[in-house]
Amino acid sequence: MTDTTLLTNHFLIAMPGLQDPNFSRTVTYVCEHSEEGAMGIVINRPMEIQLGEILAQLDIEPEVSNVSNAPVYLGGPVQTDRGFVIHDGHFNFDSTLSVTDQIHVTTSRDVLEAIAKGQGPANRLIALGYAGWGSGQLEQEMIANAWLNGPANAQILFSTPSPHRWQSAAQLLGVDLNLLSGQAGHA
């Protein structure tokens with residue numbers, strides 16, 4: 001696999017025909033992609049819980065009022081008890097993966113403590129769980145027309161309302177998902 005085929009910092013946009021209930025009509029932010037596999041976080045599936053509930057479970061007291069109502073997303077079907085915070089800005093958290101110079105994924109408790117104090121990243125998306133693919137698995141799904149892919153966009157990641165992210169991510173590529181068939185075809 002060459003660097004030009006790696007999908008790190010890309011969106012995976014579920015094609016209309018993708019029927020897997022974990023991924024139907026989703027946008028997944030690819031945090032890592034290599035020959036060993038891929039890892040991403042679904043960014044448009046808000047859960048029934050809010051950040052305040054997670055903070056309470058971790059005995060973290062919010063010091064700012066707007067934190068508790070923040071949405072929490074179902075990041076994928078793998079390890080749904082594990083938290084991930086996609087964010088921008090330069091912070092020194094204990095466990096952070098730098099996806100790009102601007103976008104990072106933190107899994108340590110200290111990011112939630114900073115958010116609760118109003119000192120964390122302003123642009124953030126909090127998720128439980130992730131999506132994972134083994135070596136060659138994502139590539140096979142791409143060949144089977146399960147996904148569109150394109151470069152990620154911070155506006156969609158952090159600011160676009162979650163019900164609009166699927167269509168908005170496809171529109172970045174000039175694709176109207178309403179015009180695509182749910183049937184896959186190969187020439």
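**Aromatic pairs, cores and helix H5**

Colleague: In this predicted model, which residues do ring pairs link into a cluster?

Modeller: The model is predicted. Ring pairs join three residues into a cluster here: Phe-23, Trp-133 and Trp-147.

Colleague: How many aromatic pairs does the structure hold?

Modeller: One of the pairs is formed by Phe-11 and Tyr-29, with 6.3 Å centre to centre and 70° between the planes, which makes it edge-to-face. Phe-11 belongs to strand S1 and Tyr-29 to strand S2, so this pair ties together parts 18 residues apart in sequence. Both Phe-11 and Tyr-29 are buried. The aromatic pairs in the structure number six.

Colleague: Are the rings of Phe-91 and Phe-93 stacked or edge-to-face?

Modeller: A pair of rings is described by the distance of the centres and the angle of the planes. For Phe-91 and Phe-93 the centres are 5.2 Å apart and the planes are at 15°. Planes under 30 degrees apart count as stacked. The pair of Phe-91 and Phe-93 is therefore stacked.

Colleague: Is Phe-93 buried or exposed?

Modeller: Its partner Phe-91 has a relative accessible area of 32%, so Phe-91 is partly exposed. The cut-off for burial is under 20%. Phe-93, at 13% relative accessibility, counts as buried.

Colleague: Which strand gives the most to the largest nonpolar core?

Modeller: The largest nonpolar core has 41 residues, and Phe-11, Tyr-29, Ile-41, Ile-43, Ile-86 and Trp-147 touch the most other members. With five residues, the strand that gives the most to this core is S9.

Colleague: How many residues are in the second, separate core?

Modeller: Among the members of this second core are Leu-55, Leu-112, Ala-114 and Leu-128. It is separate, and its residues number 16.

Colleague: Why is helix H5 largely enclosed by the rest of the structure?

Modeller: The buried residues of H5 are Arg-165, Trp-166, Gln-167, Ser-168, Ala-169 and Ala-170. Their cover includes strands S1, S2, S5, S9 and S10 as well as helix H4. H5 is largely enclosed because, of its eight residues (165-172), the number buried is six.

Colleague: With which residues is Gln-167 in contact, leaving aside neighbours within four places in sequence?

Modeller: Gln-167 is placed in helix H5. At 18% relative accessibility, Gln-167 counts as buried. Leaving aside those neighbours, the contacts of Gln-167 are Asp-176, Leu-177 and Asn-178.

Colleague: Which residue with a positive phi follows H5?

Modeller: The phi in question is near 80°. The residue that follows H5 with this positive phi is Gly-174.

Note on methods
Residues numbered from 1 in each chain as written. Predicted model: local features only at pLDDT ≥ 70, side-chain atom pairs only at ≥ 80, totals over all residues. Heavy atoms only, no water. Buried < 20%, exposed > 50% of the residue type's maximum accessible area, 1.4 Å probe, protein only. Helix = DSSP H or I, 4+ residues; strand = E, 2+ residues; numbered from the N terminus. Contact = heavy atoms within 4.5 Å. Phe/Tyr/Trp six-rings, centres within 6.5 Å; stacked < 30°, edge-to-face > 60°. Core = buried A, V, L, I, M, F, W, Y, C linked by side-chain atoms within 4.5 Å.
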